[in-house]
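Subject: Structure handover

Hello,

Here is the structure we spoke about, together with its sequence. Please open it beside this message and follow along.

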Amino acid sequence: DDAKCTLLRALIIGPEGTPYSGGCFQFDIFFPTQYPLTPPQVHFCTTGLGQVRFNPNLYSCGTVCLSLLGTWKGLQGEQWHETSTLLQVLISIQSLILVPEPYFNEPGYETLLGTDRGKRFSQSYNEDIIIHTIAHAMVAQLKRPCSGFEDVIKKHFQIKKKRILKEIRGHMKSHNSKALQKAYDSLKIELDKLPPFSSKKTGTSSKEETIVKEDI
């Protein structure tokens, strides 16, 4: 925030190979007066207006449960230190929370890892997360992108459109869910409204242009 340097907003795009893949997740951040002696306060905003808990570590009220933030008990050395950085927090969210099988982030559920029962529960959990990701981190972001990231979100979906739809179709083959089909159809309508991405208009470098072509 140009007026208040203690306020910051971050957008994390869900990693491929996870039920969050391609989704745009917003986090609002506040630096308390004791920072960097104490951790920043992070609020998760992509909750469907407080209706969706996207992860055992991401509450529908916006709480981000992470030892680095002091919102979860962690092992020795995992807590915040005055040399810790906001970048560490954001990377931890992306790599430790937005994971391929978030079901097992729930304390105690890790005992089901590798079991048939755990696999069924995890697949069912992922199906719900994929549907919510499409609805709230894709369709909602296309209709009403979070302030400050309008251009980034538009460009992201222009570049990744075909890859995102292909990945969701892959989920549809294994899940055969009417809700997932409905979410896919809604997303495709919004994506089809986007103009084709042109690297020439944005001054993209040759290396970036190659990456874009591979994604498209």
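What follows goes through the cores, two buried residues, the pockets and the cavity. Please keep in mind that this is a predicted model.

Cores

Start with the largest nonpolar core, which has 24 residues. Within this core, Phe-27, Val-64, Val-89 and Ile-93 touch the most other members. Two or more residues each come from strand 1 (7-13), strand 2 (24-30), strand 3 (41-44), helix 1 (86-97) and helix 2 (116-143). Helix 1 gives the largest share, four residues. As background, nonpolar side chains in soluble globular proteins tend to be buried together.

What does Val-64 contact, once its neighbours within four places in sequence are left aside? Its partners are Phe-27, Val-42, Phe-44, Asn-57, Leu-58, Leu-69, Thr-71, Ile-93 and Ile-97. Two of these, Phe-27 and Ile-93, were named above among the residues that touch the most other core members.

A separate core of 22 residues lies apart from the largest one. Its members include Cys-146, Phe-149, Ile-168 and Leu-191.

Two buried residues

Ser-92 is located in helix 1. Is Ser-92 buried or exposed? Its relative accessibility is 14%, so Ser-92 counts as buried, the cut-off being under 20%. A polar atom of the Ser-92 side chain lies 2.8 Å from the backbone oxygen of Gln-88. Beyond its neighbours within four places in sequence, Ser-92 is in contact with Leu-66, Leu-68 and Ile-97. Ile-97 also appears in the list of contacts of Val-64.

Leu-142 has its place in helix 2. With a relative accessible area of 18%, Leu-142 falls under the 20% cut-off and is therefore buried. Leaving aside neighbours within four places in sequence, Leu-142 is in contact with Phe-157, Leu-187, Glu-190, Leu-191 and Leu-194. One of these, Leu-191, belongs to the core of 22 residues. For a distance to check on your screen, take Leu-142 and Gly-170: they are 28 residues apart in sequence and 22 Å apart in space, C-alpha to C-alpha.

Pockets

The largest pocket has a volume of about 490 Å³. Its lining is made of 24 residues, and Asn-57, Leu-66, Ser-67, Trp-72 and Glu-78 lie nearest the centre. Sorted by class, this lining has 10 nonpolar, nine polar and five charged residues. Two of the residues nearest the centre have come up already: Asn-57 is in contact with Val-64, and Leu-66 is in contact with Ser-92.

The second largest pocket holds about 270 Å³ of space. Gln-26, Cys-45, Thr-46, Thr-47, Gly-48, Leu-49, His-136, Ala-140, Gln-141, Arg-144 and Cys-146 form its lining. Which element supplies the largest share of this lining? That is helix 2, with three residues. By class there are four nonpolar, six polar and one charged residues. Cys-146, listed here, is also a member of the core of 22 residues.

Cavity

How many cavities of 30 Å³ or more are there? The count comes to one, and the largest cavity has a volume of about 90 Å³. The residues lining this cavity are Thr-18, Pro-19, Tyr-20, Ser-21, Ile-130, Thr-133, Ile-134, Met-138, Ile-164, Glu-167, Ile-168 and His-171. Helix 2 and helix 3 (150-175) each supply at least two of them. The classes here are seven nonpolar, four polar and one charged.

Regards

How values were computed:
Residues numbered from 1 in each chain as written. Predicted model: local features only at pLDDT ≥ 70, side-chain atom pairs only at ≥ 80, totals over all residues. Heavy atoms only, no water. Core = buried A, V, L, I, M, F, W, Y, C linked by side-chain atoms within 4.5 Å. Buried < 20%, exposed > 50% of the residue type's maximum accessible area, 1.4 Å probe, protein only. Contact = heavy atoms within 4.5 Å. Polar contact = N/O pair within 3.5 Å; in protein donor to acceptor, adjacent residues only side chain to side chain. 1 Å grid on protein atoms, 1.4 Å probe; cavity = no way out; pocket = protein on both sides within 12 Å on 5 of 7 lines; lining within 4 Å. Points joined across faces, edges and corners; volume = space filled by probe spheres on them. Nonpolar A, V, L, I, M, F, W, Y, C, P; charged D, E, K, R; others polar.
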